[in-house]
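Reader: I would like to learn how to read a residue's surroundings and a chain interface. Please take one example of each.

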Amino acid sequence: MSHAAMLRTPLYDAHLKLNARMVPFAGYEMPVQYSSIIAESKAVREGAGMFDVSHMARVSFSGEGVEAFLEQITTNDVSKLGDGQGQYSMMPNHGGGIVDDIIVYRITSDHFEVVFNASNHAKDVAWSNQFMPSTVTMSDKTADTVMVAVQGPSARKIVASLSDNPTAINEAAMFEVVNCKIAGVDTFAACSGYTGEDGYELIYSNSEAETVWNALLEAGVAACGLGSRDTLRVEAGLPLYGHELTDELSPIAAGLGWVISKTKSFNGSVAINKAREEGTATKLQGIKLSAKRLIAPGMKVYLGEEEVGEVSSGVVSPLLDTGIAFAFINSEIKQGTEVAIDVRGKREPGVVANKRFFKRA
Amino acid sequence: MSNIPADLKYTESHEWVRIEGDVATIGITDHAQSELGDVVYVDLPSVGKTLAIGETFGSVESVKTVSDLYAPVAGEVIEINGELAAASELVNSDPYGQGFMIKIRLSGEVPGTLLDAVGYGAVAH
């Protein structure tokens with residue numbers, strides 16, 4: 001795709017001002033890094049960093065029957081949400097694979113906001129439409145709003161310091177929504193993120209794109225690109241659609257059973273419940289390498305001379321100072337087992353580990 | 001703007017060459033290291049290996065990508081930069097000095113197709 005045809009987020013100029021290296025991602029020109037992936041990862045683990053995630057799709061569903069509709073198309077229990085609460089969820093297909101992993105926020109009983117992956121935006125809208133009753137209206141807000149994720153141990157107190165309701169920001173639980181002003185701008189502040197850190201995802205009008213961004217910069221938040229975002233999410237054990245989740249793979253193999261209701265019926269529930277009962281041939285695990293090497297998707301995992309799995313994601317972890325990966329490997333292989341990954345012809349030793357390499361204290 | 005020393009020769013694949021007598025010192029350019037990002041691993045050939053012009057002699061791995069290294073000149077590898085095994089970040093911090101990759105004893109002429117700093121400046125943008 002030529003750059004001329006690429007979309008830009010409302011923060012595009014702000015990224016250029018910070019000398020970002022821009023790359024094509026999901027049809028957008030996005031910052032992959034400003035200074036270095038390692039420096040930006042450390043900023044998030046040690047203080048606060050922010051990511052322009054405006055490319056992600058923000059769609060609202062409202063009207064009578066919206067909750068039942070969302071129960072049908074998602075795996076998590078929508079009924080567990082109160083007003084102003086959100087949850088991680090997935091949209092399964094009928095075969096028990098995954099159309100997308102998403103976040104669902106309940107605003108009121110007849111109004112929900114949903115965040116889709118940028119790469120699945122059109123697919124998700126088309127898929128949802130098939131099941132949407134005539135009483136429900138879908139409204140795509142992606143082009144009208146900005147989304148900035150502020151993450152790290154200092155993120156909450158910095159967001160609170162810029163908010164007109166610091167108490168609510170300081171007290172919100174995971175996935176809770178605070179509607180407040182940030183730097184004077186009306187903001188939907190959701191206590192969530194994709195780094196394993198505390199923090200907020202801020203959604204606000206694109207006409208104020210740089211107002212909030214610049215206030216965060218001035219408050220000491222480091223601008224971080226997609227490169228460190230990927231490193232941080234792998235350290236935190238978080239899946240990425242297209243890698244750990246696909247239209248074909250079972251979310252049970254990916255270890256996402258906790259996101260799937262055991263009580264409701266939904267698209268694909270028969271296939272998913274079957275996978276849960278019978279188990280899957282492979283299971284997603286972490287692998288911690290001895291060497292600081294970049295592990296890429298598709299690389300093979302070996303137990304002795306036997307090929308036992310395949311890498312789905314890999315990064316060099318600044319936190320652990322070594323190569324780490326996610327791999328779908330033979331379900332019988334336990335954590336602690338010594339394996340090797342074929343890295344461009346060289347077998348690099350590693351150990352099967354809990355994929356949550358980073359856990360917040 | 002990246003640093004492009006005037007006394008070196010360059011390839012379009014972003015290697016630099018310093019010719020001193022019949023020895024060529026080879027590394028990757030400041031532009032290349034900047035594009036790659038934090039370098040974490042450098043795969044280099046064994047001393048004694050004979051390389052042809054354009055032959056792959058190793059690879060550079062950064063936190064986000066892997067890039068092959070191509071021999072800008074022909075000859076025998078007489079030295080590899082052993083420091084890089086433990087300190088691959090030298091490729092980022094000092095690409096034309098302590099971050100060099102290998103030294104080759106030339107077996108023939110220096111190819112006329114190598115770029116000078118001005119020519120490489122047009123490639124590296």
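Author: This is a predicted model, in which local features need pLDDT of at least 70, side-chain atom pairs count only at pLDDT 80 or more, and totals for chains, interfaces and linings use all residues. Residues are numbered from 1 along each chain as its sequence is written.

Reader: Which residues is A353(A) in contact with, leaving aside its neighbours within four places in sequence?

Author: Contact means heavy atoms within 4.5 Å. On that basis A353(A) touches Q285(A), G286(A), I287(A) and Q335(A), its neighbours within four places in sequence being left aside.

Reader: Is A353(A) buried or exposed?

Author: Buried means under 20% relative accessible area, with a 1.4 Å probe and protein chains only. A353(A) is at 18% relative accessibility and therefore counts as buried.

Reader: How many residues does each chain bring to the contact between chain A and chain B?

Author: Chain A brings 14 residues and chain B twelve residues. Buried area is the accessible area (1.4 Å probe) that two parts lose on being put together, summed over both. Here that is about 1100 Å², 52% of it on carbon and sulfur atoms. On the chain A side, R21(A), R293(A) and L294(A) lose the most area to chain B, together 41% of what that side buries.

Reader: How many salt bridges are there between chain A and chain B?

Author: A salt bridge is a side-chain nitrogen of Lys or Arg within 4 Å of a carboxyl oxygen of Asp or Glu. The count between the two chains is three. R293(A) forms a salt bridge with E61(B), with the closest N and O atoms 2.6 Å apart.

Technical notes:
Chains are lettered from A and ligands numbered from 1 in the order in which they are written. Side-chain values use heavy atoms; hydrogens and water are left out. Buried means under 20% relative accessible area, exposed over 50%, partly exposed in between (1.4 Å probe, protein chains only).
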